[in-house]
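Here are my notes on the model you sent, set out as numbered points. Please read them with the structure open beside you.

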Amino acid sequence: TTETSFRSLFSALETLMLFFRKNNNLETLLPSKDWKIFEKELKNWIKNYNLLSENSYEEKKPLIYAKISELNRISFSYVFDKLCKTYKINLTDLWPVTENDKGLSLTQIRNKLVHGEYFTPIQLHSLFVATEHLRWTVERVLLGILKWPANKSHVSETFLKNVIVFNKDWEKDRSILSLRAFQ
C-alpha cells in the first residue's frame with residue numbers, strides 16, 4: 001500500500017540519518033555521566049515545582065518523568081538540517097521533511113501513519129505524491145552521502161520539474177493532507 005511504502009521510505013531516511021548521527025557524534029546532547037546528573041537535578045526541580053505540586057497535576061509527574069530521557073537525544077530536525085548542509089543537499093523543490101509552517105511535513109505524515117491514523121480515500125492521491133517526494137528525498141540524501149551530484153540524476157530538480165507531471169502541484173496536495181487530514 002502507499003502507507004507501507006511511505007513508512008518503508010521513512011525508515012530508509014532514518015537509517016541514513018543514523019549513519020550520519022553515529023559518524024558525527026550527534027546521537028546525544030550530554031555524555032551518560034553528565035546526563036545522569038542533569039536528569040537527577042531536573043527531576044528534583046520538577047518534584048518541587050509549585051504548579052506541578054497542585055493536586056490536579058500531581059498524577060502527571062510520573063508522565064513527565066517518563067519523557068525526560070528523550071531530552072538527551074538530539075532532534076531529528078537538527079540532525080537532518082546538519083546532514084543536508086554537510087553534504088550540500090538541496091531539497092527546496094520537494095515536500096519539506098521537517099518544516100511545517102505551510103502544512104504537514106513528511107515527518108508529521110510519518111508520525112500520523114505510525115500512530116495508527118489514516119487518510120481518507122480523497123487524500124490517498126496526495127499521500128502518493130508525498131510518498132514520491134519522500135522517495136526523491138531519500139535518493140538525493142543517498143547521492144549526497146555518496147558525493148554524486150543530484151543534478152546528474154533522475155531526481156534532479158530540473159528532471160522532476162520537466163518530466164514528472166504530478167510533481168507540479170505538490171503544494172496543493174500538501175494542503176489537502178493538512179487541511180482535512182485525519183478528520
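1. In helix α2, the residues W35, E39, L42 and I46 are buried. Seen down the axis of α2, these buried residues fall within an arc of 70 degrees, so they line one face of the helix. Please keep in mind throughout that this is a predicted model.

2. The face of α2 that is turned away from this buried side carries exposed residues, namely K33, K36, K40, E41 and K47. As a check on the geometry, helix α2 (residues 32-48) has 17 residues, which at 1.5 Å a residue should span 24 Å, and its end C-alpha atoms are indeed 24 Å apart.

3. Within α2, K43 and E39 form a salt bridge in which the closest N and O atoms are 3.9 Å apart. Because the two are four residues apart in the helix, K43 and E39 are separated by about one helical turn. An α-helix has 3.6 residues a turn, so residues three or four places apart point the same way. E39 counts as buried because its relative accessibility is 18%, which is under 20%, whereas K43, with a relative accessible area of 32%, is partly exposed.

4. The count of salt bridges comes to six, and a further one of them joins E132 to R135, with the closest N and O atoms 3.2 Å apart. These residues are three apart in helix α8 (residues 124-145), and so E132 and R135 are separated by about one helical turn. E132 is buried at 12% relative accessibility, while R135 is partly exposed at 29%.

5. Which parts of the chain does the salt bridge between R110 and E14 link? The side chains of R110 and E14 meet at 3.8 Å, N to O, and the pair links distant parts of the chain, with R110 in helix α7 (residues 106-114) and E14 in helix α1 (residues 2-23), 96 residues apart. E14 is partly exposed, at 32% relative accessibility.

6. L160 is placed in helix α9 (residues 157-163) and counts as buried, at 0% relative accessibility. Leaving aside residues up to four places away in sequence, L160 touches D93, L94, W136, R140, H154, V155 and N167. The C-alpha atoms of L160 and L9, which are 151 residues apart along the chain, are separated by 18 Å.

7. On the surface, W45, Y49, L51 and Y57 make a nonpolar patch of about 400 Å². One of these, L51, lies in helix α3 (residues 50-53) and is partly exposed, at 39% relative accessibility.

Conventions:
Residues numbered from 1 in each chain as written. Predicted model: local features only at pLDDT ≥ 70, side-chain atom pairs only at ≥ 80, totals over all residues. Heavy atoms only, no water. Buried < 20%, exposed > 50% of the residue type's maximum accessible area, 1.4 Å probe, protein only. Contact = heavy atoms within 4.5 Å. Patch = residues over 30% accessible without salt bridge, like charges linked within 9 Å, V, L, I, M, F, W, Y side chains within 5 Å. Areas by Shrake-Rupley, 256 points an atom, 1.4 Å probe, with all protein chains shown as cover. Salt bridge = Lys/Arg side-chain N within 4 Å of Asp/Glu carboxyl O. Expected span 1.5 Å × (residues − 1). Arc of directions from axis to C-beta.
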